2 protein chains.
Amino acid sequence: MTRLPPTDPGNGAPSAAAAVPDAGGPLEAPPSASRMRAYAELLIRVGVNLQAGQGLLVRAPIESAPLVREVARVAYRVGSPLVDVMWSDDAVTRARFELGPEGSFERVPQWRADGRLAMYRQGFASLAVVGDDPDLLAGTDPKRWATYIRASQQANRPAQAISMRDGIPWCVAAYPGLSWARKVNAGVPDGLAVARLWDAIFTATRVDAADPVGAWREHSQRLKALAERLNARRYAALRFRGPGTDLRVGLAEGHVWVGASARTPEGQEFMPNMPTEEVFTAPHRARVDGTVRASMPLASGGAVIEGFALRFEDGRVVEARAERGQDELDRILDSDEGARSLGEVALVPASSPIARSGVLFYETLFDENAASHIALGKAYPNTVGGGEAMDDAEAAAAGLNDSITHVDFMIGSAEVDVDGEFEDGRVEAVMRAGEWAG
Amino acid sequence: MTRLPPTDPGNGAPSAAAAVPDAGGPLEAPPSASRMRAYAELLIRVGVNLQAGQGLLVRAPIESAPLVREVARVAYRVGSPLVDVMWSDDAVTRARFELGPEGSFERVPQWRADGRLAMYRQGFASLAVVGDDPDLLAGTDPKRWATYIRASQQANRPAQAISMRDGIPWCVAAYPGLSWARKVNAGVPDGLAVARLWDAIFTATRVDAADPVGAWREHSQRLKALAERLNARRYAALRFRGPGTDLRVGLAEGHVWVGASARTPEGQEFMPNMPTEEVFTAPHRARVDGTVRASMPLASGGAVIEGFALRFEDGRVVEARAERGQDELDRILDSDEGARSLGEVALVPASSPIARSGVLFYETLFDENAASHIALGKAYPNTVGGGEAMDDAEAAAAGLNDSITHVDFMIGSAEVDVDGEFEDGRVEAVMRAGEWAG
C-alpha cells in the first residue's frame, strides 16, 4: 500500500498532467458519462466509503474536473455536508520551478497543509486524484525541487501521519491527464492515448464489471485471504533473488500483512488505493542487507529514474546508482535520516492483471500493482502490532521505520524468486519466477 | 470601486463559469497567445503592480487556467517567491446547492478564509479572476445560498477588511467563461460568444492598445483629475433624477472622491478593478432619502435581479421590489444591519466606452463602468478622511457605513440627471442626461 496521496498537490508540487501551458485543460476523448459516473460512484462508495454527514476533501488536478464534478455530485447525494476541492495545476507548478527566483524554494503554501490537517481532524474523508506528468520538471534544477519537497513534507507531516495511520478514510485514484497519457502511450494520437489510458484505468478499477461494488468486495476478500496465509507463517525475513538482486529483507517484530481495504479506528472500511493488487507489510528498518535492482523505472518528483540499483547494509542504503535520474534518486535518499531505510515490502505476482496489461504506467498507483516492491521511508503503523495499535515507541522498538518520505519502487518480475525465512533458519518458497509458490 | 473580489471563490461560492457539469473546461476560441500574454502582463504590472519578493494569491475558476498560467509565469519572472492559486469550479459549487443535505449550508471551507488572511498578512498581492455564470444557481433553493453566503462573509470578513482598506495590492479582472459568454451573447454559437467576450474584455482593459501600460497611466490620470474636480466642490449631497428615480444621497463628512488606482500604506500603487471608468465616494449612511430605480439588471449570487426599485428613508431601505429575483434582493438586504444602507456612490457617464459597447455584461466589473451606481453595504475606508486615515470610530462618526456585504447596482443612464447640493443650499448640475455637465 504504497501510493500515498501527494504530499502537497497544490501549486508547489507536481500532481497533475497538464504540462503544456497552452493546453486549456480540455478533456481528450472523454469516456461515456455513464462510465465516468460509475467510476465516481466507486470512489465514493468503495474508495472512501463516504458516510452521510461526513465532509470530503478532494485533491485533484484541474484537468480531472469532469471526474471531480461527478464525485462531488455523488458525495452530496450520499449526504456529505461539504465537498471541498484543493485543485492543482501542473503548468502553474512548473512555472515556479522553471522561473522562480533563487532562494525562494523553501516557501510552501502553508494554508494547504493547515487546511488539510484541519479537515482531517474534523473527520473528513480524503480523495486524491493523481495523473502526474512523469516528466513535469524535466530541464529544471533538481535542487529547487529537493529544497521545496523537503519543506513541503515537513509542513504536511501532521496530516500525512493521520492518513498513514488510517485515522481517516482515504483513497488515491487516477485520472488520465494528457501528458501522462502521452508518456504511457507514446507515438499514438492524443485522443487515442487518453482513451487507452481510460480503458486501462476502468479495467484495473473494475468499473466495467457488471457489479463493480460486488467485484471489489470479492477482490478484497481474496487479497485478505492471501495476507492471512502470510500472517500464519510468521517469517523472520524475505529473500529476493533475481538478475542483479540478492536482498534479504528482515521483517518487523509483530509485523502484519495487509491487503486491499483498511479501517479507521471508528470502523469505517475504505480502499486506500484503487486499483490495488498487493499484500504488504513492514520490514525491520535495521535488518535489510544485500543488493537490489529495480525492475521498472520510477516516476518521481517530475523526473523518471531508470536502471537503478541499491545496496543495503544493516538496513541502510550505502550505495545507489541510476542510469538516469540520479539527482532525484539522491534527493529521495537525502530526504532525512529515515529515507535510507525501508518502510514497506509488498508482494505482487508477475501475472497480476496490471502486469499482464503489459503497460508501463510511470505511476506508482499502477506500477506497484504489477510487481513486488519495497519502499524507502515511513512505514504504515497498521503493518505491526497484530491488531493491537502500538504507540510510536513500541513501533520503533519493533523495527518500524519513520521518515518524512515514502517512495515505492518495483523489484519483482517473472525472473525473481522470493523465499520466506523462519526464525529457526528454515526456508520455504514464497514466490517462484514471480508467481505464488504452492 | 465596486467589484470586490468574491467573498469566497472556493467551492462554496459561485465564481466561475463552467456551469455545464460535463464541460471539461475547454477553452473555446482562445485568443492569440500574444494577447493572452499581454493581458497577463497588464494584470501583474498594472493590476497588482507585483514587486520582486512579493507573493501572489490568485483566486480563479479552473476554466480560466490559460490566463492564470500566463499570470503565474509573469509573476515568477517579476521575482515572486510564491504564486498560489485557490481554484474554484462552478459545477462543484452548483452540486452543493442542488444536492447538499438540509441543515448543512452554514458549513464554510474555513481553510480558504484562513489561508487568504494569512497570505494578506504576509503582504501577498491578490488577484481575483471573475467570470461567473450569472444563472449558476437557477432552480436551487435561495435559502441555501442565503445561509451559506452569510456564514462565508463572516468567515472572510478579516481578509476582506484588509483588501477594502487597501492593506495589500488587489485587482479584480475577468475571464470569459463559457456560461457567462452564452448569457452575454445569447443566440450565437459558443465559439463566437466567447470570442466576442474576449474582444470586449481586451478592449475594455486596453490590452489592444499599442502601449497598454502607457494607456493605463493616461487613463488613470484622467480619472484622478475628475475626482479632484469633484473633491474641490465639497458637495453635501448628490441628487439623482430620472424615470422612477428621485434620490438624494447625502455624502459622508470629509468624503473623498477616488478613481482608478489605489495605494497601499507602503505606497505600492495598484488598480483594484480592470476595467474601471468610475469615480466614487462615500455616502452618509443616515442621509439617503427617496426612490431609485435600477437602470440595469444585477447578477448576484447565481441569480439575476431585474426591474427593481428601492425606497430609502433616513439612509435605510424601507421598501424593495423586483420584477424578478426578489429572493436574492431580499437576501442582500437581510445580510446584516448595514446591508440596507449605502456604502458607495459612483459617477460614470452614459457615454463611457463600456456603455457605448451596448453590451449588458451581467457582471458588475463591467456593468458598473457603464453607468452611475450606488452600493448597499460596506464603504471603502479610503473614501473619507481626505488623505488622513481615520480609525473605525471616526469613520463611523463621519457617516461611513459598515456591513459584511457590498453590492453595487446601476442607477444611471442617458435619462438621469445628477445635481450637486452644497451645504448652504446652493445646487449645481453635475450630470445632465447622463453626461458630465460643464
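## Exercises on a two-chain model

In this predicted model, B:V249 has B:V288 as its bridge partner in β11 of chain B.

**Exercise 1.** Work out in which sense strand β6 of chain B pairs with strand β11 of chain B, and over how many bridges.

*Solution.* Begin with the extents of the two strands: β6 covers residues 245–251 of chain B, and β11 covers residues 283–293 of chain B. The bridge between B:V249 and B:V288 joins a residue to its partner in β11(B). Taken together, the two strands pair in the antiparallel sense over five bridges.

**Exercise 2.** Follow β11(B) to strand β13 of chain B, and find how many bridges join them.

*Solution.* Strand β13 of chain B spans residues 303–313. One residue to look for is B:G290, whose bridge partner in β13(B) is B:F312. Four bridges join β11(B) to β13(B), and these strands run antiparallel.

**Exercise 3.** Determine which rotation superposes chain B on chain A, and what kind of axis relates them.

*Solution.* As a first step, recall that two copies of a chain are related by a rotation about an axis and a shift along it. Here the rotation is 180°, the shift along the axis is 0.0 Å, and the RMSD is 0.0 Å. That is the relation of a two-fold axis. As a further step, consider the interface: 100% of the interface residues of chain B are also interface residues in chain A, so the copies meet through the same surface.

**Exercise 4.** Identify which residues have the most contacts inside the largest nonpolar core.

*Solution.* The largest nonpolar core has 235 residues, and the ones with the most contacts inside it are A:L56 and B:L56. Apart from that core lies another, of eleven residues, including A:V108, A:A113, A:L137 and A:A155.

**Exercise 5.** Locate the cis peptide bond that ends at A:P275, and then the one that ends at B:P275.

*Solution.* Most residues other than glycine have a negative phi, and most peptide bonds are trans. In chain A, a cis bond joins A:M274 and A:P275, with omega about 10°, and A:P275 sits in the loop between β9 (269–270) and β10 (279–281) of chain A. In chain B, the bond from B:M274 to B:P275 is cis, with omega near 10°, and B:P275 is in the loop between β9 (269–270) and β10 (279–281) of chain B.

**Exercise 6.** Decide whether A:D166 is buried or exposed, and do likewise for A:A260.

*Solution.* A:D166, in the loop between α5 (142–164) and β4 (170–174) of chain A, has a positive phi of about 60° although it is not a glycine. Its relative accessibility is 3%, so A:D166 counts as buried, the cut-off being under 20%. A:A260, in the loop between β7 (258–259) and β8 (262–263) of chain A, is not a glycine either, yet has a positive phi of about 60°. With a relative accessible area of 5%, A:A260 is buried.

Terms used. Residues are numbered from 1 along each chain as its sequence is written. Chains are lettered from A and ligands numbered from 1 in the order in which they are written. This is a predicted model: local features need pLDDT of at least 70, side-chain atom pairs count only at pLDDT 80 or more; totals for chains, interfaces and linings use all residues. Side-chain values use heavy atoms; hydrogens and water are left out. Two strands pair if DSSP finds at least two bridges between them. A nonpolar core is a set of buried Ala, Val, Leu, Ile, Met, Phe, Trp, Tyr and Cys residues joined through side-chain atoms within 4.5 Å. Buried means under 20% relative accessible area, exposed over 50%, partly exposed in between (1.4 Å probe, protein chains only). Copies are superposed by least squares on the C-alpha atoms of residues with pLDDT of at least 70 in both. Contact means heavy atoms within 4.5 Å.
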